[in-house]
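Hi there,

Here is the structure I promised to pass on. Have a look at it first, and my notes follow underneath.

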Amino acid sequence: MAVGTSAQTPVLAVAAGSTTVTATLGSTPTTGNIIVAIASATSTFGTLSISGTGWTQITGSPWDTGADVRVAAWWKPADSTTGYTVTSSSNDNLALMLDERPGLSAVPLLDTTAPVKVSMTSSGASIGYGSFTPAAADT
């Protein structure tokens, strides 16, 4: 697979009026890949944290969109874990997207100048993000 393509179908979970949201990948991730997690909350007052170990918060995260939405993003080398939970310090409408990306293990990997796009409504949510930029050692 090319850099920047998903190794499996990304998953999105939403939770209305909650302090937690859990998303589970469809299959066990492959060692050597990375997991990207992007969470959003309909409040800029609380903090967002993610379960599990090994996560690196993406530079510049969290971002406040100016529309009462806070977005945070993390990445970690893939292991056998398939489900993760994001916790908010305030009661919010939450969304969590998990995505497995191939061949980028332990690399400072995201082009943080590309915008994270979030759309939340009462009936659902969508989250997207910019392109990957491999480190010089991987090009």
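About 6,600 Å² of the protein is exposed, with carbon and sulfur atoms supplying 52% of that area (Shrake-Rupley method, 1.4 Å probe; for residues, only the protein chains shown count as cover). Please keep in mind that this is a predicted model, where local features need pLDDT of at least 70 and side-chain atom pairs count only at pLDDT 80 or more, while totals for chains, interfaces and linings use all residues. Residues are numbered from 1 along each chain as its sequence is written, and side-chain values use heavy atoms, leaving out hydrogens and water.

Of the 139 residues, 42% count as buried, meaning under 20% relative accessible area, with exposed over 50% and partly exposed in between (1.4 Å probe, protein chains only).

On to the fold. The protein has nine strands and zero helices, which gives the pattern β-β-β-β-β-β-β-β-β along the sequence. Both kinds of element are DSSP runs numbered from the N terminus: helices are H or I with at least four residues, strands E with at least two. Contacts (heavy atoms within 4.5 Å) also reach along the chain: among those with a separation of 6 or more, 75% are between residues 24 or more positions apart.

Strand S7 is a good place to start looking. Strands count as paired if DSSP finds at least two bridges between them. Here is what I found for S7:

- Strand S1 (residues 11-24) pairs with S7 in the antiparallel sense over 11 bridges, and Thr-22 stands opposite Thr-85.
- Strand S2 (residues 34-41) runs antiparallel to S7, joined by eight bridges; Ala-41 stands opposite Leu-94.
- S3 and S7 are antiparallel too, over three bridges, with Ser-88 as the bridge partner of Leu-48.

Now for the side chains. How many aromatic pairs does the count come to? The count is one, where rings of Phe, Tyr and Trp (its six-membered ring) pair if their centres lie within 6.5 Å; planes under 30 degrees apart are stacked, over 60 edge-to-face, and the rest tilted. Trp-55 and Tyr-84 have ring centres 5.0 Å apart and planes at 80 degrees, so this pair is edge-to-face. The two residues are 29 apart and link distant parts of the chain: Trp-55 lies in the loop between strand S3 (48-50) and strand S4 (56-57), and Tyr-84 in strand S7 (residues 83-101). Both Trp-55 and Tyr-84 are buried.

Trp-55 has another partner: the charged end of Lys-76 sits over its ring, 5.5 Å from the centre (NZ of Lys or CZ of Arg within 6 Å of the ring centre and within 35 degrees of the ring normal).

Happy exploring!
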